[in-house]
Amino acid sequence: MIERFWGIIFKRARAAMITAGSPRKFWAEAVSYTVDVYNMMPSASRNMLSPYEILLHRKPPLGRIQPWGCLGMTRIPRTQVTKGNMADRSRPLILFGFHGKDGYRMYNPSTARIVTSRSVSFHPDVYPFQSP
């Protein structure tokens with residue numbers, strides 16, 4: 001049974017990585033995201049409930065789901081914004097997963113760091129890892 005579950009998870013994670021054009025070194029992030037999404041999905045074997053609903057007794061936030069590896073514009077905090085009317089107010093990052101109740105784990109390719117943010121505007125059809 002568990003082998004079948006891992007087969008499903010790895011197949012979905014591999015598909016997400018291929019779609020995003022992601023390097024293989026991010027496989028663990030893709031698997032983690034895939035498990036989170038899997039846990040939000042209802043199943044007939046669980047009376048159309050998701051593991052999320054069974055554990056937390058509320059509907060999962062399906063509106064939060066975006067394609068793994070897509071572009072997300074994350075708001076820059078006011079304390080970090082440079083002066084001037086034309087200064088950047090957001091930075092482009094890559095969706096890597098969920099953080100807490102309403103946050104996201106975002107990868108910054110210019111610093112090679114993962115940051116968390118709640119203020120993200122997604123572009124689900126743009127994948128920064130893909131070559132132009």
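Start by selecting Asn 47, which is exposed because its relative accessible area is 68%, above the 50% over which a residue is called exposed. The model on the screen is a predicted one. Asn 47 lies in the loop between helix 2 and helix 3, and although Asn 47 is not a glycine, its phi is positive, at about 55 degrees. Most residues other than glycine have a negative phi.

Move next to His 57, in the loop between helix 3 and strand 1. His 57 is likewise not a glycine and has a positive phi, of about 60 degrees. Is His 57 buried or exposed? With a relative accessible area of 70%, His 57 is exposed.

**The whole chain**

Now zoom out and colour the model by secondary structure. The protein contains three helices and five strands, and along the sequence these elements follow the pattern α-α-α-β-β-β-β-β. Taken along the principal axes, the C-alpha atoms fill a box of roughly 55 × 35 × 20 Å. Of the 132 residues in the protein, 34% are buried. Among the contacts with a separation of 6 or more, 48% are between residues 24 or more positions apart.

If you switch on a surface, the protein exposes about 9000 Å², of which carbon and sulfur atoms supply 56%. Selecting the charged side chains gives 19 positive and 7 negative charges, and the mean positions of these two sets are 4 Å apart.

**Helix 1**

Select residues 2–20, which form helix 1. At 1.5 Å a residue, its 19 residues should span 27 Å, and the distance between the end C-alpha atoms, 27 Å, agrees with that expectation. Which residues of helix 1 are buried? They are Ile 9, Ala 13, Ala 16, Met 17 and Ala 20. These residues cover an arc of only 95 degrees around the axis, and therefore lie on the same side of helix 1. Rotate the view to the other side of helix 1, and there you will find Glu 3, Arg 4, Lys 11 and Ile 18 exposed.

To see what the buried residues of helix 1 pack against, add helix 2 (27–40) to the selection. Just after helix 1 comes Gly 21, whose phi is positive, near 70 degrees.

**Between helix 1 and helix 2**

Continue to Phe 26, which sits in the loop between helix 1 and helix 2. Phe 26 counts as buried because its relative accessibility is 10%, and the cut-off for buried is under 20%. Leaving out residues up to four places away in sequence, Phe 26 touches Met 17, Trp 68, Phe 96, Tyr 107 and Phe 129. For a distance to draw in the viewer, take Phe 26 and Leu 95, which are 69 residues apart in sequence and 12 Å apart in space, C-alpha to C-alpha.

**Helix 2**

Select helix 2 itself, whose 14 residues should span 20 Å at 1.5 Å a residue; the end C-alpha atoms are 20 Å apart, in agreement. Its buried residues are Glu 29, Ala 30, Val 31, Tyr 33, Thr 34, Val 37 and Met 40. What covers these buried residues? The cover includes helix 1, helix 3, strand 2 (90–99), strand 3 (103–108) and strand 4 (113–117).

One of the buried residues of helix 2 deserves its own selection, namely Thr 34. Thr 34 has a relative accessible area of 8% and is therefore buried. Setting aside neighbours within four places in sequence, Thr 34 is in contact with Ile 9, Arg 12 and Ala 13. Ile 9 and Ala 13 have already appeared among the buried residues of helix 1.

**The last stop**

Finish at Gln 66, in the loop between helix 3 (51–56) and strand 1 (71–75). Gln 66 counts as buried because its relative accessibility is 18%, which falls under the 20% cut-off. Which residues does Gln 66 touch, not counting residues up to four places away in sequence? They are Tyr 33, Leu 95, Phe 122 and Pro 124. Tyr 33 belongs to the buried residues of helix 2, and Leu 95 is the residue to which the distance from Phe 26 was drawn.

Notes
Residues are numbered from 1 along each chain as its sequence is written. This is a predicted model: local features need pLDDT of at least 70, side-chain atom pairs count only at pLDDT 80 or more; totals for chains, interfaces and linings use all residues. Side-chain values use heavy atoms; hydrogens and water are left out. Helices (H or I, at least four residues) and strands (E, at least two) are DSSP runs, numbered from the N terminus. The expected span of a helix is 1.5 Å times one less than its number of residues. Buried means under 20% relative accessible area, exposed over 50%, partly exposed in between (1.4 Å probe, protein chains only). The arc is that of the directions from the helix axis to the C-beta atoms. Contact means heavy atoms within 4.5 Å. Accessible areas come from the Shrake-Rupley method with a 1.4 Å probe; for residues, only the protein chains shown count as cover. Lys and Arg count as positive and Asp and Glu as negative; His and the chain ends are not counted. The place of a charge is taken as NZ of Lys, CZ of Arg, CG of Asp or CD of Glu.
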